[in-house]
Amino acid sequence: MLLWFFALIGLVAFFYHHWIYTRLLKRLVGTKANSTQLSRVVKQDAKICILIPVYNEAKHMLAKVTNLAALDYPREHIQVHFGLDGCTDASQQTIQNALQLAEQQGLECYVHNFAQNRGKIQVVNQLIEITKELADIHVFTDASSIISLDALCRVLDNFEDAKIGVVSGEYQLADQHNDNELEYWQMQNEIRILESQVHSAIGVPGAFFAMRSKLIKPLNKNVINDDFVMPMLAACQGYRVIVDSNIQIVELQVDQMACESKRRLRLGAGNLQQIFLLPELFKFSGLRLCFFSGKFLRGLMPSLLLLSGLSLLLLSVQGSVAAQAVTSVLLTCIGAGCIADLLGKRLPLLSLAYYAFIQYIASLCGQIKYLLGHYSTSWKAAPAASANSAIKDAFEQQKLVKAVKRSFDIVVASIGIIASAPIILMAMLAIKLDSKGDVIYRQLRVGEVNDQESKLFYIYKLRTMVSDAEAKSGAVWASKNDSRITKVGMFLRKTRIDELLQFINVLKGDMSIIGPRPERPCFYQTLSKTIPMYQFRTYGIKPGISGWAQVCNGYDSTIEDVRNKTARDYGYALALANFNSWLKLDLYVMLRTVGVMLKMQGR
């Protein structure tokens, strides 16, 4: 029963957080009185300071300044302060050129150029220190976002209610090509607007929000999700935080895949950190439900889902038909969504299931990094693309992928060896009855290659050929109808059951679940001379039980077969430079491997 409790807790929390909570908010909004007595506390001539941290945003500066210059608000009551955080691109020159347009429109702008890159939070804190006595309202906005022209007037209208301390708007993406990301933000906008109507939004889009100046508190440089913590500190002072659907925020920046993955990891870490930073939100009756149902559960969700997944797998191994059915449905949904994504298609529910899966995987990895102390420094925005930054990002991504991949290998191999133990034992018995010789076959293979050495290891397999099969012929590739293969061995090869013992190699660290095929040393030398750069296919990569090349090209019987596979092995190596691309490809290969086994396409 305890395993079933752990298995269901994550699924119930996921279902509540993503579906029931929204419907509960709609019910609460429907029963809430619409009329509210307002107390006017903000004058129509309120002074506003707009703070904009900038790090290598040259390509957005003209659009940003043009947008600010066009805002419908008295110019004499606005000050704009740009904080340049050690920019290495043309941001400073671009701002100076754009400010000529702003001055023509009567917009008062100041540029604070900080020579050293210190991170967004420290720049924002510095701007707050400079401007804290200059305005009634502070607006925080990103250089890569633009806002509706009446946004400041809308902010002022909302601040007529003395109980409102923070105002933001509805977040949109200028790039309309990522359907899953668009649907995610549509859901977030809906939830935040509903929370605003019930009492207070739990978090606002960091691209734009306005605060009463008296509520602003500088943040510790170690805070991760600053655009969440700062508004919620106002909520902790008894003020409401709202999202006004009449204020439009449009994000211009389209993150590169590596930057997007890095952002997801950091958001996941921040979701966990804010549970520890803001426990006092539970003290307010109006915030308690929304905080628990939203950000609190979001921070715990990766761990709850991991617990559910492991519990379902253990129950499945123990023979629970119900657990096997639930696991099969979940894996099918995620796998179908993955394949649809790889094919550039979109299947609404299945694509969202896969999208949620990879986001929570990234969040879990980010939380692990946070607990290990990797986010102890201030956040720094991803710089504009350059050769050095791209190499650095790729290197960091590859380190992350390797760490997660190894953890994944250990979990899957441990479960795999336990689950397949009965099959392995039956196969061993069949081999013993079918032919003479040992049932387990060891063979020397080339493993991971690095600058110091080419690692060698013994691979474990169930014997599929007659004993001493290469005594006369020497080392040769197996052919399609190889006479050396036994009757039982043929079945084991077709189903790839003979490779199940390689889970032991994975646990020992010689191999991975997914990777290039481990080659025999005698063939390795010949292939290295024949196929250019062949030896680099396992450079820094462990060979795998299955792999992209294996499931797409089958077994090797000629050098040309190996040549065709080598291209896919290089492609797989490139995928390891990015978390999302690696995860997609590994899931795809695992699904294809299951298909090969069920269809008996092995050889």
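Let's start with Phe291, which is buried at a relative accessible area of 0%. Keep in mind as you look around that this is a predicted model. Its partner Phe282 sits in a less covered spot: this residue is partly exposed, with a relative accessible area of 29%, above the 20% under which a residue counts as buried. The two ring centres are 5.0 Å apart and the planes meet at 70 degrees, so you're looking at an edge-to-face pair. The rings don't stop there, as ring pairs tie Phe282, Phe291, Phe292 and Phe296 together into a cluster. Across the whole structure, a search turns up ten aromatic pairs.

Now for the nonpolar interior. The largest nonpolar core has 96 residues, and the members touching the most others are Ile50, Val80, Phe82, Phe140 and Met211. Helix H6, residues 179-198, gives this core its largest share, with eight residues. A second core lies apart from that one; it has 42 residues, including Ile358, Val404, Tyr460 and Ile514.

Phe82 is a good place to zoom in. Leaving out residues up to four places away in sequence, Phe82 touches Ile52, Val54, Met61, Val65, Leu68, Ile95, Leu99, Cys109, Tyr110, Val111, His112 and Leu127.

Finally, pop out to the surface. Phe15, Trp19 and Ile20 make a nonpolar patch there of about 290 Å². Ile20 belongs to helix H1, which covers residues 2-31. With a relative accessible area of 33%, Ile20 is partly exposed, and that value clears the cut-off of over 30% for patch residues.

Definitions and conventions
Residues numbered from 1 in each chain as written. Predicted model: local features only at pLDDT ≥ 70, side-chain atom pairs only at ≥ 80, totals over all residues. Heavy atoms only, no water. Core = buried A, V, L, I, M, F, W, Y, C linked by side-chain atoms within 4.5 Å. Buried < 20%, exposed > 50% of the residue type's maximum accessible area, 1.4 Å probe, protein only. Helix = DSSP H or I, 4+ residues; strand = E, 2+ residues; numbered from the N terminus. Contact = heavy atoms within 4.5 Å. Patch = residues over 30% accessible without salt bridge, like charges linked within 9 Å, V, L, I, M, F, W, Y side chains within 5 Å. Areas by Shrake-Rupley, 256 points an atom, 1.4 Å probe, with all protein chains shown as cover. Salt bridge = Lys/Arg side-chain N within 4 Å of Asp/Glu carboxyl O. Phe/Tyr/Trp six-rings, centres within 6.5 Å; stacked < 30°, edge-to-face > 60°.
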